Amino acid sequence: MGDHIWIDGIARLVGALGIDRLEAPRVLWWAIPLALLPLVLALRPRASIAWPAVREAARAGASPREYAPLVVAALRSLGLLGLACVLAGPQRVLDLPPEPGLGLDLVLVLDTSRSMAAVESAPEGSGAKRSTRLDLARVAVAHFAESRLFAGDRIALVVFGDTAFTQCPPTSDGSLLAAALARVNVGIAGDATALGDALALGVKRASHAEAAAERAIVLLTDGRSTTGDLPVSVATALAVDASIRVHTVAIGRGGAPVAVETAAGLRVEHHEPDPETLRQIAERTGGRAFEVHGAADLIAVHAAIDALERGERPLPTRRIERSHPEPLLAVAGGLLALEILLGRVFFRRLP
């Protein structure tokens, strides 16, 4: 306890020089005794004049030169004390006010049902590769992760099929989101499409956003709800009550084939998208509805949503810690220079 008291006392003393903190105050435990060594040596009894005799000499009107060794030693110790505080790492702490930043908490709700395995044909003459609906959705998620995380957003990923679950909680870590996306495959949450359950879970995740953050959901699916405990209309009402915008992205054209494995072998099914349901969700929540038929459409959709969701929120207060030894060096240098001046000039003894 005693050690902390005198270290705190020194910290308050150097604070008068504009120093806010010492980075390594424990250095003072051994540096200060070394700095005081010249003064201790000067106070030792001498053959010519003992320390108790100094007081007597003062009463007798002794010459100021008799105090010379003591004064010089005191100046030297004070100068070394200043250097000891420099070794403790004096710092200036600056708390900068928060600045307005752009960003939001974005929840990406991704359909992984069996219908998302439907293969979308590329436009004729485009030379593009054919992709499944899930492939297109994964590209869209990757686009959002690349641009929005860089802007200071947090992104959560919800996947759904028969059930819905959080694949990645709200995060600003791009590598964490990329790892979560890499594990997303068709059927990971079941073959059917619980659209209402998924939207409700997305609303729940968005509701846990930071207090000052804007909130939005991007729902990527072919849009046809086939199962679930919660109707789509109820989940939409939850988003409206929470003032959360839902942008919907209907992926795929009608009649895209899906290969389904059965006991009798593979069977080809055709799953029709339901963009009308997605359009109603977007309109009720204040979002926008988009349709994606290929990779080329993703760029326009991403740019449009990116332009819409640019809410301002204050960034955290920034604290800057800078090394600030100059005042202590100036004081220590001045004291040591004065010690040299007095000891070698004014109090110099001629042979």
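Okay, let's start with helix H7, residues 174–182. In this predicted model, helix H7 lies across three strands: E4 (104–111), E7 (154–160) and E8. Compare its direction with that of E8 and you get about 165 degrees.

So what are those strands part of? They belong to an open sheet of six strands, and if you walk across it the order goes E8-E7-E4-E9-E10-E13. The pairing in there is mixed. Where are the edges? Strand E8, at 164–171, is one edge strand, and strand E13, at 289–292, is the other, since each pairs on one side only. As you step from one strand to the next, the twist averages 15 degrees.

Now let's move over to the E13 end. Strand E10, which covers residues 245–251, pairs with E13 in the parallel sense, over four bridges. If you want a spot to click on, find isoleucine 251: standing opposite, in E13, is valine 292. There's a helix to look at here too. Helix H11, residues 295–308, packs on the sheet and touches strand E9 (214–221), E10 and E13. Its direction makes about 160 degrees with that of E13.

Okay, zooming out to the whole chain. How many helices and strands are there? We've got 12 helices and 15 strands. Of the 351 residues, 40% are buried. Then there are the contacts: take those with a separation of 6 or more, and 79% of them are between residues 24 or more positions apart. Last one, the surface: the chain exposes about 18700 Å², with carbon and sulfur atoms supplying 59% of that.

Key. Residues are numbered from 1 along each chain as its sequence is written. This is a predicted model: local features need pLDDT of at least 70, side-chain atom pairs count only at pLDDT 80 or more; totals for chains, interfaces and linings use all residues. Side-chain values use heavy atoms; hydrogens and water are left out. Two strands pair if DSSP finds at least two bridges between them. Helices (H or I, at least four residues) and strands (E, at least two) are DSSP runs, numbered from the N terminus. Axes are lines fitted to C-alpha atoms, for helices over the stretch in contact, and angles run from 0 to 180 degrees between N-to-C directions. Contact means heavy atoms within 4.5 Å. Buried means under 20% relative accessible area, exposed over 50%, partly exposed in between (1.4 Å probe, protein chains only). Accessible areas come from the Shrake-Rupley method with a 1.4 Å probe; for residues, only the protein chains shown count as cover.
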